[in-house]
Amino acid sequence: MLVSLHNIGKKYNKEWVFRDISLDLEISHSYAIIGKNGSGKSTFASIITGKKIPTEGDIAWNIDKKNIPADEIYQYCSFTAPYMNLIEEFSVQEMFDFHFRFKKKKENITIHRFLERIELPNKAHTFIKHLSTGMKQKLTLGLVFFSQTPLLVMDEPLSNLDESGIRWFLRELEYKKKDTLIIVCSNTFIEYNWCKKEINIELFA
């Protein structure tokens, strides 16, 4: 997959968040979008995933030399952020089934194998509202890790994870990096120190 940005800019009211961003982002590469809080990282991520439209400039998504329309990019993209809510009234099994109604599962993974990989065995019938914040974060990340999508965008992925959870994240990430374009938005070094390239969004303000 290739995501090409040409002179991308975004403003709210009369104030520009960023301007003149031109980049080619390639599959099997990892990029860190860094900058202080409020600098536009999350807005940039939303443009990459097709959730928001840039004020100026063009963005194109290409898979195997085929252009993907903006209204179809959700099929090829996974996105996670700490402000995204799971459905608290669902059990873990129901959340798993619901998510994979919209995304293709990687390796035809079963709920049993999924729970083993995210280190939440025997939680299939536990309601999400009864999980700890760290467990919820693992579940959220697990859903995107095991979605068969060539683009993965993560906003502050280590929020609510303890040291054991961080080790789990980095271990599972190694499998995902092989065939995925990964973009991480963060201002915490441990969240992106494994990325091959850093892009400071503040330089485009």
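At 26% relative accessibility, M135 counts as partly exposed, and that residue is a friendly place to start a tour of this predicted model. From M135 in helix α4, we can move on to the nonpolar cores, the cysteines and the pockets. Keep an eye on α4 along the way, since five residues of the largest nonpolar core come from this helix.

**Starting point: M135**

- Helix α4 is where you will find M135.
- Setting aside residues up to four places away in sequence, M135 touches L120 and K123.
- M135 and N160 are 25 residues apart along the chain, and their C-alpha atoms are separated by 8.6 Å.

**The nonpolar cores**

- Which residues touch the most other members of the largest nonpolar core? Among its 35 residues, they are F114, L139, F145, M154 and F169.
- Several elements each supply at least two residues of this core: the strands β3 (30-34), β7 (151-155) and β8 (181-185), together with the helices α2 (92-99), α3 (111-117), α4 (133-145) and α5 (163-177).
- The largest share, five residues, comes from α4.
- Take F169 as an example: not counting residues up to four places away in sequence, its contacts are L141, F145, M154, P157, L158, L161 and W194.
- Another core lies apart from this one; it has 30 residues, including F44, I68, C77 and I201.

**The cysteines**

- How many disulfides does the structure hold? The count is zero.
- As a reminder, a disulfide is a covalent bond between the sulfur atoms of two cysteines.
- Why does C77 form no such bond? The closest cysteine sulfur, in C185, is 11 Å from the sulfur of C77, which is too far for a bond.
- C185 is in a similar position, because its sulfur is 9.8 Å from the closest cysteine sulfur, in C195, and that is too far for a bond.
- Is C77 buried or exposed? With a relative accessible area of 6%, C77 is buried.
- C185 is buried as well, at 0% relative accessibility.

**The largest pocket**

- Rolling a probe the size of a water molecule over the atoms shows where empty space is left.
- The largest pocket has a volume of about 460 Å³.
- Its lining is made of 19 residues, and the closest to the pocket centre are F79, M84, H99, K103 and V144.
- Which elements each supply at least two residues of this lining? They are β6 (77-80), α2 and α4.
- Strand β6 gives the largest share of the lining, four residues.
- Sorted by class, the lining of the largest pocket has eleven nonpolar, six polar and two charged residues.

**A closer look at H99**

- H99, one of the residues closest to the centre of the largest pocket, lies in helix α2.
- Is H99 buried or exposed? Its relative accessible area is 15%, and because buried means under 20%, H99 counts as buried.
- Leaving aside neighbours within four places in sequence, H99 is in contact with L143 and S147.

**The second largest pocket**

- About 170 Å³ of space lies in the second largest pocket.
- Its lining consists of A81, P82, M84, N85, L86, E88, T133, K136, Q137, T140 and N160.
- This lining divides into four nonpolar, five polar and two charged residues.
- M84 appears in this lining and is also among the residues closest to the centre of the largest pocket.
- N160, met earlier with M135, is one of the lining residues too.

Conventions. Residues numbered from 1 in each chain as written. Predicted model: local features only at pLDDT ≥ 70, side-chain atom pairs only at ≥ 80, totals over all residues. Heavy atoms only, no water. Core = buried A, V, L, I, M, F, W, Y, C linked by side-chain atoms within 4.5 Å. Buried < 20%, exposed > 50% of the residue type's maximum accessible area, 1.4 Å probe, protein only. Contact = heavy atoms within 4.5 Å. Disulfide = S-S within 2.5 Å. 1 Å grid on protein atoms, 1.4 Å probe; cavity = no way out; pocket = protein on both sides within 12 Å on 5 of 7 lines; lining within 4 Å. Points joined across faces, edges and corners; volume = space filled by probe spheres on them. Nonpolar A, V, L, I, M, F, W, Y, C, P; charged D, E, K, R; others polar.
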